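Work through the exercises below with the model in view. Try each task before reading its solution.

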Amino acid sequence: MLTQRCFRCVTAVRNTLVKLQRTRGCSTVQGDVRVRFAPSPTGFLHLGGLRTALYNYIFAKKYGGSFVLRLEDTDQSRLVPGAAESIEDMLEWAGVPPDESPRRGGPVGPYLQSQRLELYRQTAEQLIQSKHAYYCFCSSQRLDLLKKEALRSGQTPRYDNRCQHLRAEQVQEKLDQGAPHVIRFHLEEGVEPFQDLICGRSHHEVAQVEGDPVVMKADGFPTYHLANIVDDHYMRISHVLRGSEWLVSTSKHLLMYRALDWQPPTFGHLPLLLNKNGSKLSKRQGDIFLQSFQRDGVLPEALLDITTSCGSGFNTIGIGRRIDELIAEFNPSKITTHSALLDLEKLPEFNRIHLQRHIEDEGQCATLIKDLQAQIQQLCGEQIQEEVLQEDYIRRVLHLRKGHISSLKELVGPAYSYLWVRPSVSSQLVPAMTAEAQHIAALVLKLIAERSEELTVDRLNKDLKTLVKQTKGIKYGEVMTLLRLALSGLQQGPSVAEMMVCLGPEEISHRFQKLLQLSETS
């Protein structure tokens with residue numbers, strides 16, 4: 001009774017603080033803020049997981065706290081090789097690196113649950129000693145029969161708590177015989193309501209709808225229900241921000257905190273991230289994994305931006321925000337319970353905006369140049385001219401195309417191949433374009449030879465209009481089509497002036513010398 005009264009007192013004080021936090025936008029968050037992202041390495045990190053990690057990261061940085069990565073690898077049969085390492089790799093790539101993790105270490109490790117088994121065993125034993133948990137020896141066959149009988153009678157399957165009523169000597173006899181068993185936590189009625197940071201006052205009388213849950217499995221590994229509260233307690237987690245699917249389990253977890261006489265953290269359950277049509281994000285979609293976005297040239301800033309722009313929790317709504325801006329704009333009291341609808345068709349526009357920012361930043365542009373150099377070499381091989389790999393050349397291309405491209409991969413696609421490989425122009429195609437091809441090529445060569453200063457798009461546009469007037473009544477569009485063909489081998493693309501600035505005087509002269517030769521031989 002004393003324990004229950006203490007629990008109610010602590011809960012009442014905490015609820016009062018939470019109400020203040022919601023009223024004042026969490027301006028009253030005090031003490032050491034410690035949050036955690038605790039995925040299971042049974043798969044690779046996807047957008048739903050990134051969003052949960054991101055909100056935890058932003059919360060920690062907003063209030064000067066720590067962001068902990070803990071890997072819940074207790075379901076050994078479903079572990080995916082490489083997933084644990086990949087999750088941390090992707091968090092670092094996305095720009096939300098943990099302060100403490102399996103890789104980085106920290107003061108409250110280890111950060112892999114499989115390395116904390118003794119701690120769970122001791123806690124389960126503590127629950128048994130205090131009569132809040134018990135050994136269960138029910139076979140899988142009996143549990144299956146219970147489930148089938150419940151379904152047959154139209155009821156929700158639940159364990160009937162049979163082993164709770166075993167006498168102490170019966171339990172000891174079975175343990176001495178080495179009988180397979182699990183440990184179940186006894187659910188009590190009268191669970192206290194709690195104040196969720198996002199969902200408000202919540203209460204689920206779990207003992208009325210569920211059987212006693214397993215907390216330690218027969219293989220000696222804990223279930224989520226035990227492991228997560230043990231780790232949150234010993235890792236000193238102050239706030240648990242997780243998906244709303246865990247809201248109904250929180251009352252169960254609070255009963256366990258009460259049984260252990262531990263103070264629970266503050267809970268906040270984030271609304272679901274859904275597809276734009278309201279359907280659930282599914283790992284079967286394939287394209288929601290971060291590795292897929294990374295491979296496709298999506299910038300991490302664009303992913304963070306789009307996953308927050310479709311949701312709530314910020315003072316303003318916008319596009320083009322970076323992580324520092326997201327932290328500054330974050331306001332937990334503005335997180336709503338409405339599901340966030342993610343429209344990935346808008347991702348190219350988000351990426352275009354952030355790519356432009358990268359190009360305009362000298363340090364980030366240098367990274368883009370190295371990335372593009374590698375892609376060009378891989379794609380074009382021995383066909384490329386050495387000059388196109390020079391930093392100044394690639395930087396010029398990036399600055400001219402910024403705002404027009406959504407990813408670097410576009411620049412190594414067919415539409416921009418002329419930037420890296422000299423095009424092949426058919427001798428039959430040139431006379432079909434205009435009989436003035438030789439004269440026009442000569443005019444361009446003369447223009448480039450006379451233009452000693454650096455080429456600019458504006459200046460070249462004026463020069464090209466003057467050049468057209470020197471031809472024998474040929475329309476401006478026809479001349480531009482011929483010039484574009486000579487420069488790129490294509491009949492569509494950026495403006496001719498921009499193509500010329502990208503390629504530079506020497507390459508322009510080479511390509512028009514070739515056009516001159518073609519027109520002479522045709």
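## Exercise 1: Overall form

The protein has a radius of gyration of 32 Å, whereas a compact globule of 522 residues would have one near 24 Å. That radius is taken over C-alpha atoms, and the globule rule is 2.2 Å times the number of residues to the power 0.38. This is a predicted model: local features need pLDDT of at least 70, side-chain atom pairs count only at pLDDT 80 or more, and totals for chains, interfaces and linings use all residues. Residues are numbered from 1 along each chain as its sequence is written, and side-chain values use heavy atoms, with hydrogens and water left out.

**Task.** State what box the C-alpha atoms fill, and how many helices and strands there are.

**Solution.** Step one: the box is roughly 110 × 50 × 45 Å along the principal axes. Step two: the protein has 20 helices and eleven strands. These are DSSP runs numbered from the N terminus (helices: H or I, at least four residues; strands: E, at least two).

## Exercise 2: A tilted pair

**Task.** Explain why the pair of tyrosine 55 and phenylalanine 314 is classed as it is, and which parts it ties together.

**Solution.** Start with the count: the structure holds twelve aromatic pairs. Rings of Phe, Tyr and Trp (its six-membered ring) pair if their centres lie within 6.5 Å; planes under 30 degrees apart count as stacked, over 60 as edge-to-face and the rest as tilted. Here the centres are 6.1 Å apart and the planes stand at 55°, so the pair of tyrosine 55 and phenylalanine 314 is tilted. Next, place the residues. Tyrosine 55 belongs to helix α2 (residues 47-62) and phenylalanine 314 to the loop between α10 (300-309) and α11 (323-329), so the pair ties together parts 259 residues apart in sequence. Now check burial (buried: under 20% relative accessible area; exposed: over 50%; partly exposed: in between; 1.4 Å probe, protein chains only). Tyrosine 55 is buried at 1%, and phenylalanine 314 is buried at 8%.

## Exercise 3: An edge-to-face pair

**Task.** Describe the geometry and the location of the pair formed by phenylalanine 194 and phenylalanine 267.

**Solution.** First, geometry: phenylalanine 194 and phenylalanine 267 are 6.3 Å apart centre to centre, with 65° between the planes, an edge-to-face pair. Second, location: phenylalanine 194 is in strand β5 (residues 194-196) and phenylalanine 267 in strand β9 (residues 266-270), 73 residues apart. Third, burial: phenylalanine 194 has a relative accessible area of 5% and is buried. Phenylalanine 267 is buried too, at 4%.
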